[in-house]
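Subject: Structure for you to look at

Dear colleague,

Here is the structure I promised to pass on to you, and I would be glad if you opened it before reading further. My notes on what was found in it follow below.

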Amino acid sequence: MQNATEIFTELFSTAAGYSLPISITNTNESKNVIECRINRNLKNIESYKLTVRPSKIVLEGKTATGIFYGFQTLRQLLPAEIESNAEDNTKVKWSIPCADIEDSPTFSYRGLMLDVSRHFKSVEEIKRSIDLMAFHKLNVLHWHLTDDQGWRIEIKKYPKLTEVGGFRDKTIIGHASKRPYQWNVNRYGGFYTQEEIKDVIAYAQKRFVTIIPEIEMPGHCVAALAAYPEYSCTGGPFEVEGRWGVFKDVYCTKEETFRFLEDILDEVVALFPSRYIHIGGDEVPKTRWERCAACQKRIQESNLPDEAHLQSYFINRMEKFLNTKGKSIIGWDEILEGNLSQSATVMSWRGIKGGVRAAKEGRDVILSPNSHFYFNHYQLDPKTEPLSNTGYTPLEKAYSFNPLPKELNSDEQKRIIGVQANLWSEYMDSQEKSDYFLYPRVAALAEVGWSQSQNKNFMDFYQRLLHIEKHYEAIGINYCKGHKPESAVRIMSYNVRNGVGIDEKKDYARIAKVINEYAPDVVAVQELDSVTKRSGGVNVLAELAKLTNRHSLYAASIDFMGGKYGIGLLSKEKPQQQYTVRLPNSEGKEARVALLAEFEEYIVCCTHLSLSEKERCESIPVIENALKALNRKKSVFLAGDMNSSAGDLTQKTILRSFDYLSASTQPTIPANEPKVCIDFIYQYKKAGKKVSVMNKGVVNGVYGSDHLPIFVDLTIR
């Protein structure tokens with residue numbers, strides 16, 4: 001029980017500056033207390049019941065695990081400042097809504113795999129990952145410790161596994177499909193001592209996370225063979241791989257190899273208290289076995305029909321050894337090839353086909369399909385995202401996965417013990433990048449593993465996720481910010497000031513980075529030079545369109561410094577039509593325009609209104625008349641730099657015909673000296689369907705302009 005309460009109380013006292021009274025027995029305290037109780041009548045060992053009243057909170061769990069998860073729910077319900085330090089939270093109101101919650105997970109196995117072989121993660125990074133798993137109520141860390149590119153676990157009987165196999169002399173630059181290879185020749189690697197592994201395991205246990213090690217065999221073992229080539233079919237020599245992919249060299253099936261692997265597993269078993277040891281078994285080329293005298297002899301002596309059954313022999317033999325140590329095995333779905341024992345658990349990654357077969361044959365199954373749960377896949381536009389593996393898995397697709405295949409009957413479905421997402425690390429060379437690919441998709445995984453499919457609703461999940469993302473920000477997670485429901489539209493307004501920031505540096509990449517990170521469907525862009533002396537002959541909008549992989553429309557307002565100055569639109573969808581409207585210039589301050597772009601379901605009008613209040617107020621009827629002349633029934637959105645602020649005459653004029661979608665007040669750069677907001681997004685009242693705003697925000701930070709970009713997510717009814 002102490003572990004169940006201690007993590008939360010430490011977190012709260014750090015954030016609030018005072019401690020909450022927590023009782024683990026019935027108490028006479030009538031208020032201002034969290035009362036924790038064991039309730040054996042709850043559904044399973046992870047179940048909890050939370051009763052929140054104005055006077056006190058009662059938290060019941062079937063076991064201490066349930067109590068721990070109840071506290072994670074409290075953490076998620078509290079303001080995001082729970083993740084920060086007390087000195088920053090002097091004005092925070094520590095409250096949550098009254099509620100009655102009774103909750104249980106659907107699956108007992110809710111896992112995340114971290115590949116530390118291709119790119120190594122420090123002990124502190126692993127602990128941070130465990131903290132975040134606990135936050136999401138995930139309970140299994142699958143630690144992929146060995147592969148062709150690095151051996152990461154100290155084995156005292158075979159020190160060269162880490163001395164040699166733990167480091168590579170070169171790593172490819174760019175995507176693995178790019179030829180010829182370019183190389184980073186800096187030595188790269190690292191490993192965990194057995195003492196460090198014990199420390200990590202203890203850390204995880206305190207957070208109710210089980211760690212399952214993966215020791216790859218019989219393939220994906222080049223790092224081990226570089227250290228001990230005598231256990232290969234050819235005798236080597238080998239070097240630790242710096243390429244990504246599948247390689248021909250695998251463990252030989254001679255007797256010496258099995259003794260080598262059993263020695264390794266003896267030390268692994270002694271370290272990890274988990275019920276399972278993962279032994280890989282995936283992507284095993286048979287080329288070396290086909291030409292190896294020792295392997296062919298093994299096939300003949302064991303009466304095996306072919307090399308596929310030799311793989312089954314290998315897996316079954318290692319399973320029997322681990323069974324004698326009180327352990328069960330997990331393997332990737334290739335272990336089904338040949339004759340697999342009934343007691344092996346199958347992790348289905350090549351879709352769900354292997355999992356369905358294994359369940360029908362009476363084996364336990366963990367579903368980890370690459371179609372939904374390979375979080376190293378792209379999630380937004382692959383042309384603008386950080387480099388990674390091929391594949392596309394947006395948040396909504398990950399959330400949509402149903403872990404109970406319709407091909408299985410109710411008894412067979414009971415063989416599905418859980419789900420897991422994987423982060424293969426070929427391109428995950430920093431914690432920041434790993435964060436980006438993991439979150440918030442991990443939140444989708446957590447809900448798939450916890451909730452029953454009939455209770456899931458992506459729109460509801462997305463709304464709840466907005467609060468969770470505030471926790472992410474407080475923790476310092478570099479999560480992907482471009483997610484939204486597929487049916488929603490994200491509109492952004494961004495005065496880019498020609499890419500010149502308040503630091504007076506010109507950098508179009510800073511502007512593009514914001515657009516790519518937030519992935520708006522349409523961006524209304526202001527202050528754009530086109531082939532001017534000031535822009536160095538660059539068409540700024542065209543440059544941004546290239547960097548963001550978007551269509552572009554431009555409207556010049558004036559001739560300027562040998563080129564043009566105006567506004568523009570960037571969009572994912574190609575506009576059907578565009579219209580440019582000249583706006584009043586009665587005082588001659590500066591000529592202005594409005595740019596209208598018509599899309600399939602809506603119209604966006606971008607403008608940058610005059611510095612003159614008179615001209616601004618005269619411009620709004622001109623824009624409205626242009627919209628009336630179009631005579632469309634589509635929803636219309638106005639976005640841009642209005643050079644005015646909430647409550648002034650310009651805004652009052654606009655609001656006669658338009659409604660705010662963005663916030664009416666918001667900060668602008670510089671954040672420490674906020675200026676009055678002059679950027680807005682509106683909906684035209686007199687055309688189209690009413691919209692629902694799901695989310696609205698301001699992108700904080702210095703992004704190459706003296707304006708902060710704003711955005712809204714909306715659904716058109």
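**The annotated site and its surroundings**

E283 sits in the loop that runs between β15 (276-280) and α8 (287-291). Please keep in mind as you read that this is a predicted model. The unreviewed UniProt entry lists E283 under "active site", and it is worth asking which residues E283 touches in the model. Leaving aside residues up to four places away in sequence, E283 touches H220, V246, E334 and W349, and with H220 there is also a polar contact of 2.7 Å between the two side chains. Is E283 buried, exposed or partly exposed? Its relative accessible area is 29%, and because partly exposed covers the range between 20% and 50%, E283 is counted as partly exposed.

The same unreviewed UniProt entry gives residues 107-452 as "domain: Glycoside hydrolase family 20 catalytic". Over residues 107-452 the chain is 35% helix and 17% strand, while the C-alpha atoms at the two ends are 9 Å apart.

**The largest pocket**

The largest pocket has a volume of about 810 Å³. It is lined by 30 residues, of which Q76, D103, K137, E447 and R464 are the closest to its centre. The elements that contribute two or more residues to this lining are α2 (64-77), β5 (99-103), α15 (441-450) and α16 (458-475), and the largest share, 6 residues, comes from α16. Sorted by class, the lining holds 11 nonpolar, 11 polar and 8 charged residues.

**Two further loop residues**

N39 is found in the loop between β2 (34-38) and β3 (48-52). With a relative accessibility of 15%, N39 counts as buried, because the cut-off for buried is under 20%. A polar atom of the N39 side chain lies 2.9 Å from the backbone nitrogen of N41, and, not counting residues up to four places away in sequence, N39 touches E60, G61 and K62.

D503 belongs to the loop between β20 (489-495) and α17 (508-518), and D503 is partly exposed, with a relative accessible area of 35%. How many residues apart in sequence are D503 and D706? They are 203 residues apart along the chain, whereas in space their C-alpha atoms are 9.2 Å apart.

With best wishes

Conventions
Residues are numbered from 1 along each chain as its sequence is written. This is a predicted model: local features need pLDDT of at least 70, side-chain atom pairs count only at pLDDT 80 or more; totals for chains, interfaces and linings use all residues. Side-chain values use heavy atoms; hydrogens and water are left out. UniProt positions are given in the numbering used here, feature names are shortened, and annotations may be inferred rather than shown by experiment. Helices (H or I, at least four residues) and strands (E, at least two) are DSSP runs, numbered from the N terminus. Buried means under 20% relative accessible area, exposed over 50%, partly exposed in between (1.4 Å probe, protein chains only). Contact means heavy atoms within 4.5 Å. A polar contact is a pair of N or O atoms within 3.5 Å; within protein, one must be able to donate a hydrogen and the other to accept it, and residues adjacent in sequence count only if both atoms are side-chain atoms. On a 1 Å grid over the protein atoms alone, a cavity is a set of points where a 1.4 Å probe fits but cannot get out, and a pocket is an open set with protein on both sides within 12 Å along at least five of seven lines; lining residues have an atom within 4 Å of a point. Grid points are joined across faces, edges and corners, and a volume is the space filled by probe spheres set on the points. Ala, Val, Leu, Ile, Met, Phe, Trp, Tyr, Cys and Pro count as nonpolar, Asp, Glu, Lys and Arg as charged, and the others, Gly among them, as polar.
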